[in-house]
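Open the model in your viewer and keep the selection tool at hand. The stops below each say what to select and what is there.

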Amino acid sequence: MALSAQTGAATAAAPAHDRYLAADELLAGSAASFDIEVPAALVEAGRSGLAGRVQIRPLTVRDLQLISRAARDSDSLAGALMVHAALQTPALTLPQISALPLGLMEFLLAEVNRISGLAVAPAALEDAAEQPIARAAHVLARAFGWTPQQIGELTLGQILLHLQMLREERDGDG
């Protein structure tokens, strides 16, 4: 609801996009749970249709912080920990999660990412690839064989300097 500047009286209700969210509205999503239909082929080879449902919840910032600390150098462990943290029904232990068939694990992880807001739309990836900094990182990686981590540690000034040196080398000015 908007307030009149002169009187402080309430005026007509503001459109939804003009209203501020309350803290409980922002935090409500972390308490949500989602029933996910699992394709039968992921549970039993050659079977079609749906095998049944599982219930998962979105990951929180705290979940991701703990997972990233626990699985520093292991993407597969990170994925298993993410599914373990999100899977509510049935409740599985981490060794049970690690024993899941790979296709089922990938499906569950994709669903966890989707409901947690971590999935990236293909259009967003295309937009990101067109950004100058992403293009610069690609050029530097190709020219020097640097890893994404090494490029990520460079300052913008260092990136520009290396790009200028490559340009001069290509043009025969260096």
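## Salt bridges

Select glutamate 44 and arginine 47: their side chains meet in a salt bridge, with 3.6 Å from N to O. This is a predicted model. Glutamate 44 has a relative accessible area of 43%, so it counts as partly exposed. Arginine 47, at 34%, is partly exposed as well. Side chains of opposite charge can pair when their charged atoms come close.

Next, select aspartate 63 and arginine 57. Their side chains also meet in a salt bridge, at 2.8 Å from N to O. Are these two residues buried or exposed? Both aspartate 63 and arginine 57 are buried.

Now go to helix α6, residues 102–115, and pick out glutamate 111 and arginine 114. The two form a salt bridge in which the closest N and O atoms are 2.7 Å apart. They lie 3 residues apart in the helix, and therefore about one helical turn separates them. Glutamate 111 has a relative accessibility of 15%; the cut-off for buried is under 20%, so glutamate 111 counts as buried. Arginine 114, in contrast, is partly exposed, with a relative accessible area of 49%.

How many salt bridges does the structure hold? There are 5, and the pairs visited here are among them.

## The whole chain

Clear the selection and show the protein chain as a cartoon. It has 10 helices and 3 strands. Following the sequence from its start, you should meet them in the pattern α-β-α-β-α-α-β-α-α-α-α-α-α. Colour by accessibility if your viewer allows it: of the 174 residues in the chain, 20% count as buried. Then consider contacts between residues at least 6 apart in sequence: 41% of these join residues at least 24 apart.

## Helices α3 and α4

Two packed helices are described by the angle between their axes and the distance between the axes. Select α3, residues 61–70, and α4, residues 75–86. Their axes come within 9 Å and cross at roughly 150 degrees. The crossing of α3 with α4 is right-handed. To see what touches, show the side chains of Leu64, Ile67 and Ala70 on α3, and of Leu77, Ala78, Leu81, Met82 and Ala85 on α4. What classes of residue make this contact? It has 8 nonpolar residues, no polar ones and no charged ones.

## Helices α8 and α10

Move on to α8, residues 132–144, and α10, residues 156–171. These helices pack at an angle of about 60 degrees, and their axes are 10 Å apart. The two are therefore oblique to each other. Their crossing is left-handed. On the α8 side, the contact is made by Ile133, Ala136, Val139, Leu140, Ala143 and Phe144; on the α10 side, by Leu156, Ile159, His162, Leu163 and Leu166. By class, the contact of α8 with α10 has 10 nonpolar residues, 1 polar residue and no charged residues.

## Tryptophan 146

For the last stop, select tryptophan 146, in the loop between α8 and α9 (148–152). Its relative accessibility is 23%, so tryptophan 146 counts as partly exposed. Which residues does tryptophan 146 contact, leaving aside its neighbours within four places in sequence? They are Leu140, Ala141, Ile151, Leu154 and His162. Leu140 and His162 also appeared at the previous stop, in the contact of α8 with α10.

Terms used. Residues numbered from 1 in each chain as written. Predicted model: local features only at pLDDT ≥ 70, side-chain atom pairs only at ≥ 80, totals over all residues. Heavy atoms only, no water. Axes fitted to C-alpha atoms, helices over the stretch in contact; angles between N-to-C directions. Helix = DSSP H or I, 4+ residues; strand = E, 2+ residues; numbered from the N terminus. Parallel < 35°, antiparallel > 145°, perpendicular 65-115°, else oblique. Left-handed = near helix turned anticlockwise from the far one by under 90°. Contact = heavy atoms within 4.5 Å. Nonpolar A, V, L, I, M, F, W, Y, C, P; charged D, E, K, R; others polar. Buried < 20%, exposed > 50% of the residue type's maximum accessible area, 1.4 Å probe, protein only. Salt bridge = Lys/Arg side-chain N within 4 Å of Asp/Glu carboxyl O.
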